[in-house]
Amino acid sequence: MKNPNAISRSSSFGKAVMAALLIPSLTAAMTAQAAQKEDITQFSLEDLLKAETTVASEKPMTRRETPGVVTLITREEIQRSGARDLEEILLMVPGFYFGVDVHSVIGAGFRGNWGHEGKILVLVDGQEMNEGSYTTTQFGQHFPADVIEKVEIIRGPGSALYGGAAELAVINVTTRIGADFDGSFVSANVGATADALARHNYTGIIGGKPTDDSYVGASFHLGRGVHSDRNYTDFYGTTVNMEDASFLNPVNVNLKGEYKGFRLRFMLDHYSTRHQDSFDAVLPAPIHNDFHSYFTDVSYAWKPADSVTITPLFNYRRQHPWNSPDGDPATAEYYERTVDRYQGSLKGAWQATDELHLTAGTMLEFTHATEDSRYQSTFPASFVNGRRSITYRNVAVYGQGLFRHEIANVTAGLRFENHEQYGSSFAPRVAITRAFGPFYLKGLYSRAFRSPSLENIELSPAIQQEKTNVFEAEGGVEIGSYGLFSVNFFDITIEKPIVYNFDPVTSTESYQNFNKTGSRGVESELSLRHDRVYASATYSFYHTAGKNRVPAYQIPGRSDMLLAFPGHKITFNGGVVPLEGLSINPSLVFMSARYGYGAVTGGGTQLIRKYDPVTLLNLFVRYDGLFIPPLSVGAGIRNLLNENAVYIQPYDGYHPPLPGQSREFIFHLSLQMDGWRRTGESG
């Protein structure tokens, strides 16, 4: 008998399809004011080369010149690919992989290194999405694609600009609620496998300029889905079906208002999940594991002169991460804490001359954690101070200079932080970039760090920061008027890595600083754009190069790789427009063999297993302007080959691989309307 709380395939599917079909009929009366259909029938190399990014430089710069190895993904690329959330977008980016942590939580790895806890920073409209207890970010039907305007990724350290959660990479998501979105948008997505309704979610956006110097916007997203329709088997042979044992229910609300330089934003991000997988064994019944976050910030961009901008900002964040109130309070399955963060910052930018741009800032932050448990006898003194709440202070100063010269552009920056518990950090960076004719070259060095999280400190009060040295070199060349090829080399050395440890005998958790780990490798990308054809192919390779000294990451008998992540990864993403409005978009992700722990012996010893290479083949067909100009319809298949793509735990933590979704049939429908009318013009 199925769990009564599981998603009902028939009823939910019917409701989802009905809702999707009702959208155009309910809005048909509004189509007289419909916006002109977006023209994505032409693919231009010039647009690719001129697109600017600020994620690595603060100052807008093109990909050829920006001081970092940067990937920029636009909304048009996301639409054509059929990607529905941030995980599906990142899977196409060189160096990114995904693994399972515990409790069905999916986290990201980068360049072979497990980055889930505090090594990869995720920002959404400037809000730090990493939760406050362990500094993790949860993927899997989280961060919907339909609200995204662009994704900027530093494929390398960002500590000098962003602090101690940006050690390996920075993922900066900009939503459509901004000065360029003027109108309204609604969409529905449905995905179904042969055995389950995989997901159905709905998005709505509205925004515009009531006056020339103001902007208001809002978005809403509601989703329902399951982790997988396959079976999960624990280390001891107990099996449960993931359709019955899990769900993923994201809700996101994003509000923004601007007036003459003042900006106010509120965001709610509820990521409610349910799981039946514990650390090593299946639980008797599914339990909740929720991640609820609330963000508020206010800022003012003051321009005392045309060349100077001074921006004070105050940010408040409240989070309830890993919240499992229905778990057993006598075990690690129970967790109920609140983490509040109060952050004030002041940033200044000065275009001193045409060649010199300077940025500097300071930040003061207080983190306050509270034990919310109602079980006083079980948790009489939760924190290291012997109380049921604790507060930490962190202060930072940073600066960066960009000097443009005909020989080369030079960027130099640094960040200094002091935390009252674990001390000081210093993160310098230097970048030299040179663009000449069709070529460009970059040389990059960064000293990065990972700050211990709240729970790192609670479990191991003497824990120290881990620090990282990263060397990168990138070169690229334009291929005529239709292509761009780039290749980059990286060398990462992580000193004193903070590593999770679980003792199955005593059932105790801890964190330890080990000697070092890291990776070395190469990534390349080829982009081709010509009229009605677009194609992008990438290749990623990493090797430990003898750097890894962490037993929990090691593969017995293989010194060249790390647990869970493939040594080789190939992606392809393409599109062709045979008719105006119609695009056919295949994509592919190939991952070479991986290694992970898949069973235990009778004596409790884990057994390593080799997992075969995986080829994820997808196809998405989209038609813009079906019946009416603002209506877009898409349909496709993900995992067309029905590969068994599992999420492997990237450390020796007694969690078997989590099954991914089987072949999934997807349907997408969206409607975008005209903007707000202003005097004498249409928005």
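How many cavities of 30 Å³ or more does the count come to? The count comes to 13. The model on screen is a predicted one, and this tour goes through two of its cavities, its cores and two loop residues.

**The whole chain**

Start with everything shown. The chain has 683 residues, and buried residues make up 58% of them. Colour by secondary structure to see seven helices and 41 strands. Among contacts between residues at least 6 apart in sequence, 64% link residues at least 24 apart.

**The largest cavity**

Select Glu87, Leu91, Tyr647, Gly660 and Gln661. The largest cavity has a volume of about 600 Å³, and those five are the closest to its centre among the 33 residues that line it. Now add helix 4 (86-90), strand 4 (96-100) and strand 37 (614-624), the elements that each give two or more residues to this lining. Colouring the lining of the largest cavity by class shows 17 nonpolar, eight polar and eight charged residues.

**The second largest cavity**

Next, select Ile73, Glu77, Met92, Tyr534 and Asn573. The second largest cavity holds about 290 Å³ of space; of the 22 residues in its lining, these five are the closest to its centre. Which elements each supply at least two residues of this lining? They are strand 3 (70-74), helix 3 (75-81), helix 4, strand 31 (516-530), strand 32 (533-543) and strand 33 (568-579). Helix 4 is thus worth keeping on screen, as it contributes to the lining of the largest cavity and to that of the second largest. By class, the lining of the second largest cavity has ten nonpolar, seven polar and five charged residues.

**The nonpolar cores**

In soluble globular proteins, nonpolar side chains tend to be buried together. To look at this here, select Leu86, Val151 and Ile171, which have the most contacts inside the largest nonpolar core, a set of 96 residues. Centre the view on Val151. Beyond residues up to four places away in sequence, Val151 touches Thr71, Leu72, Ile73, Ile78, Leu86, Ile171, Asn172 and Val173. Two of these partners, Leu86 and Ile171, were selected a moment ago. Another core, of nine residues, lies apart from the largest; Val55, Leu121, Ile154 and Ala166 are among its members.

**Gln138**

Go to the loop between strand 8 (127-128) and strand 9 (148-154), where Gln138 is found. Is Gln138 buried or exposed? Its relative accessible area is 4%, so Gln138 is buried. Show its side chain together with that of Thr136: a polar contact of 2.8 Å joins the two. Leaving aside neighbours within four places in sequence, Gln138 is in contact with Val105, Ile106, Glu131, Phe143, Tyr271 and Phe291. For a distance check, pick the C-alpha atoms of Gln138 and Glu87, which are 51 residues apart along the chain and separated by 9.5 Å. Glu87 appeared earlier, beside the centre of the largest cavity, as one of the closest residues to it.

**Ser662**

The last stop is the loop between strand 38 (631-638) and strand 39 (664-673), which holds Ser662. Ser662 counts as buried because its relative accessibility is 10%, and the cut-off for buried is under 20%. Which side chain makes a polar contact with the side chain of Ser662? Asp229 does, at 2.6 Å. To see the surroundings of Ser662, add Thr193, Asp229, Arg230, Arg638, Asn639 and Asn642, its contacts once neighbours within four places in sequence are left aside.

Key: Residues numbered from 1 in each chain as written. Predicted model: local features only at pLDDT ≥ 70, side-chain atom pairs only at ≥ 80, totals over all residues. Heavy atoms only, no water. 1 Å grid on protein atoms, 1.4 Å probe; cavity = no way out; pocket = protein on both sides within 12 Å on 5 of 7 lines; lining within 4 Å. Points joined across faces, edges and corners; volume = space filled by probe spheres on them. Helix = DSSP H or I, 4+ residues; strand = E, 2+ residues; numbered from the N terminus. Nonpolar A, V, L, I, M, F, W, Y, C, P; charged D, E, K, R; others polar. Buried < 20%, exposed > 50% of the residue type's maximum accessible area, 1.4 Å probe, protein only. Contact = heavy atoms within 4.5 Å. Polar contact = N/O pair within 3.5 Å; in protein donor to acceptor, adjacent residues only side chain to side chain. Core = buried A, V, L, I, M, F, W, Y, C linked by side-chain atoms within 4.5 Å.
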